[in-house]
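Here's a quick briefing to read alongside the picture. Take a look at the structure, then work through the points below.

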Amino acid sequence: QVQLVESGGGLVQTGGSLSLSCVASGRTSSIHAVAWFRQAPGKERESVGSVNWRFGDPNMSDSVKGRFTLVRDNAKNTVYLHMTRLKPDDTAVYYCAVHAPGGGPGYGFWGQGTQVTVSS
C-alpha cells in the first residue's frame, strides 16, 4: 500500500505561480510512476502530467506544457508540481496518484486532493 498527501494549494492571481507537493509513504519502493490529475467543478478529471519514479522524464499534458513542470525527489518520496503563468481555467482540485502494485490497474493510489483557485 502507498499513502499520498498533497499540499500547497491555495488562492493565486492570474499569471501567478504555485507549487504543490505530493508526499508518498508506505511501500514507496514499489512505485512505478506518479501522476497529477485535476478536476474542476462540473468537468471530468483530466491528467496534468506524470513522471517515472525511477527515471524521471516527466510528461505533461498539452494544456499545461510550458507552464507546469513535475519534479521528483526520491530521497524525500515527494513529487512536486510547479505551476507558473496560472490561468482561471487552472482552477480545480489537484490530486496526485501513484501506479504501484496492489493498487489495481493504472493509478490505484490517490491522495485527498488540494484546491487551487486562480482569480481573474
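## The big picture

Of the 120 residues in this protein, 42% are buried. Keep in mind that you're looking at a predicted model. If you go hunting for helices you'll find zero, but there are 11 strands.

**Overall build**
- Walking from the N terminus, you meet β-β-β-β-β-β-β-β-β-β-β.
- The radius of gyration is 14 Å, close to the 14 Å that the globule rule gives for 120 residues, so the protein is as compact as a globular protein of that length.
- Along the principal axes, the C-alpha atoms fill a box of roughly 40 × 25 × 25 Å.

**Contacts and surface**
- Take the contacts between residues at least 6 apart in sequence: 53% of them link residues at least 24 apart.
- About 6200 Å² of the protein is exposed, and carbon and sulfur atoms supply 50% of that.

**The four-stranded sheet**
- Strands of a sheet pair through backbone hydrogen bonds, either parallel or antiparallel.
- Here, four strands make an open sheet in the order β1-β3-β8-β7, and the pairing is antiparallel.
- β1 (2–7) and β7 (68–73) sit at the edges with a single partner strand each, so one side of each has no neighbour in the sheet.
- From one strand to the next, the twist averages 20°.
- Inside this sheet, β3 (residues 18–26) and β8 (residues 78–83) run antiparallel and are joined by six bridges, with S21 opposite Y80 in β8.

**The β5–β6 hairpin**
- β5 (residues 46–52) pairs with β6 (residues 56–60) in the antiparallel sense over three bridges.
- A hairpin of three residues connects β5 to β6, and G49 stands opposite M60 in β6.

How values were computed. Residues are numbered from 1 along each chain as its sequence is written. This is a predicted model: local features need pLDDT of at least 70, side-chain atom pairs count only at pLDDT 80 or more; totals for chains, interfaces and linings use all residues. Side-chain values use heavy atoms; hydrogens and water are left out. Two strands pair if DSSP finds at least two bridges between them. Helices (H or I, at least four residues) and strands (E, at least two) are DSSP runs, numbered from the N terminus. Axes are lines fitted to C-alpha atoms, for helices over the stretch in contact, and angles run from 0 to 180 degrees between N-to-C directions. The radius of gyration is taken over C-alpha atoms; the globule rule is 2.2 Å times the number of residues to the power 0.38. Buried means under 20% relative accessible area, exposed over 50%, partly exposed in between (1.4 Å probe, protein chains only). Contact means heavy atoms within 4.5 Å. Accessible areas come from the Shrake-Rupley method with a 1.4 Å probe; for residues, only the protein chains shown count as cover.
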